[in-house]
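This briefing sets out the architecture of one protein chain for a computational chemist. Topics are treated in turn, beginning with a single residue and moving outward to the chain as a whole.

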Amino acid sequence: MSTKSRVSRVSGTRPKSARPRRSHVPYLLLLPALLLELLIHLVPMAMGILMSFRGLTQFFIRDWSRAPWTGWANYELVLDVNRPVGEALLRSFLTTCLFTLLSVGLCWLLGTAAAVFMQESFRGRGLLRALFLVPYALPVYAAVITWAFMFQRDNGLVNHVLHDQLGLGGSEHTFWLLGDNSFWALLTVSVWKGWPFAFLIVTAALQNIPGELYEAAALDGAGIWQQISRITLPSVGAVNQVLVLVLFLWTFNDFNTPFVLFGKAAPEAADLISLHIYQSSFVTWNFGTGSAMSVLLLLFLLLATAGYLLVTTRGRRKGHG
């Protein structure tokens, strides 16, 4: 054995020739995904930010690079709540916040309750699980169009059941897609198609909880609510953290549901910010203002996500400590 090998064995280090070489194959495999991410997300995002500093209207659609540079004028316009544009944006933002809070809360509550109920084995559980996942499996446009027909005033199923069959609210049919009722109609559709996702995620998380924990808790005299609060919810805390964040981002950015349900112009009570930005950009043809609204929405979501992760991560660390 050579002196160099003996020294390597004594010192616990390997000779340079024996060290594994770094492979470039993983980076080459990631390169197509990075290029697609650059083309699909980052480049349009950069273009949108650039457009927000220009007075881009329908007069410059053919060559938007000729649009005048306005600096921060678009941001000042949409942030001035004393002017109609800023006031409408603020109202839409507050409506979206309330809608997101109710939708995410109800989706999580219904999904978690259904997952806990379906945790025990009983006859017909597989069929119920399949039925619960139907709203999540259906195409969004087909499902929302069906709901739009059901909410029709004269011949919709909702009014037929509530007024004609159950006699609730008198004989006069309700306008569900107009006025203040449009908010509750939109919330109903959002929760209907969103809670199965929460049910699916929580059900998967519950499979990792050992059944012996519930048996030991039952022997110690713990009831069903104590088992849920002391075993189930803490065990799926990390999953709920991600679940609530995903539901928040999906719901706050939801465009398909209000667009299919109401069309290009939603009632004021259901004017979500995604549809509001669409109207400002593609209906009034003021792309500069719409781009400024989009950038502000992106900044808000980034700050909200960072704050949520910071608070929840600190809470989990204190809980483990």
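**Leucine 206 and its surroundings**

Leaving aside neighbours within four places in sequence, leucine 206 makes contact with Ala115, Val116, Gln119, Thr232 and Val236. The model discussed here is predicted. The points below place Leu206 within the largest nonpolar core, then turn to a helix pair, a loop residue and the overall dimensions.

**Nonpolar cores**

- The largest nonpolar core holds 43 residues, and those touching the most other members are Phe151, Leu186, Leu206, Leu247, Leu261 and Phe262.
- Two or more residues of this core come from each of helix 4 (84-117), helix 7 (140-150), helix 9 (181-206), helix 10 (211-219), helix 11 (224-235), helix 12 (237-252) and helix 13 (256-262).
- The most is given by helix 9, which supplies 13 residues to this core.
- There is also a second, separate core of 9 residues, with Val78, Phe248, Ile273 and Leu301 among them.

**Packing of helix 7 and helix 9**

- Two packed helices are described by the distance between their axes and the angle between those axes.
- For helix 7 and helix 9, the axes come within 11 Å and cross at roughly 140 degrees.
- This crossing of helix 7 and helix 9 is right-handed.
- On the helix 7 side the residues are Ala143, Val144 and Trp147, and they meet Thr188, Val189 and Trp192 of helix 9.
- By residue class, the contact of helix 7 with helix 9 comprises 5 nonpolar residues, 1 polar residue and no charged ones.

**Threonine 57**

- Threonine 57 lies in the loop between helix 2 (25-51) and helix 3 (73-79).
- Is threonine 57 buried or exposed? Its relative accessible area is 19%, and the limit for buried is under 20%, so threonine 57 counts as buried.
- Not counting residues up to four places away in sequence, threonine 57 touches Trp285 and Asn286.

**The chain as a whole**

- The secondary structure consists of 15 helices and 0 strands.
- The radius of gyration of the chain is 27 Å, whereas a compact globule of 321 residues would have a value near 20 Å.
- The C-alpha trace spans about 95 × 70 × 35 Å along the principal axes.
- Buried residues make up 35% of the 321 residues of the chain.
- Among contacts with a separation of 6 or more, 63% involve residues 24 or more positions apart.

Methods. Residues are numbered from 1 along each chain as its sequence is written. This is a predicted model: local features need pLDDT of at least 70, side-chain atom pairs count only at pLDDT 80 or more; totals for chains, interfaces and linings use all residues. Side-chain values use heavy atoms; hydrogens and water are left out. A nonpolar core is a set of buried Ala, Val, Leu, Ile, Met, Phe, Trp, Tyr and Cys residues joined through side-chain atoms within 4.5 Å. Buried means under 20% relative accessible area, exposed over 50%, partly exposed in between (1.4 Å probe, protein chains only). Helices (H or I, at least four residues) and strands (E, at least two) are DSSP runs, numbered from the N terminus. Contact means heavy atoms within 4.5 Å. Axes are lines fitted to C-alpha atoms, for helices over the stretch in contact, and angles run from 0 to 180 degrees between N-to-C directions. A crossing is left-handed if the near helix is turned anticlockwise from the far one by less than a right angle, and right-handed if clockwise. Ala, Val, Leu, Ile, Met, Phe, Trp, Tyr, Cys and Pro count as nonpolar, Asp, Glu, Lys and Arg as charged, and the others, Gly among them, as polar. The radius of gyration is taken over C-alpha atoms; the globule rule is 2.2 Å times the number of residues to the power 0.38.
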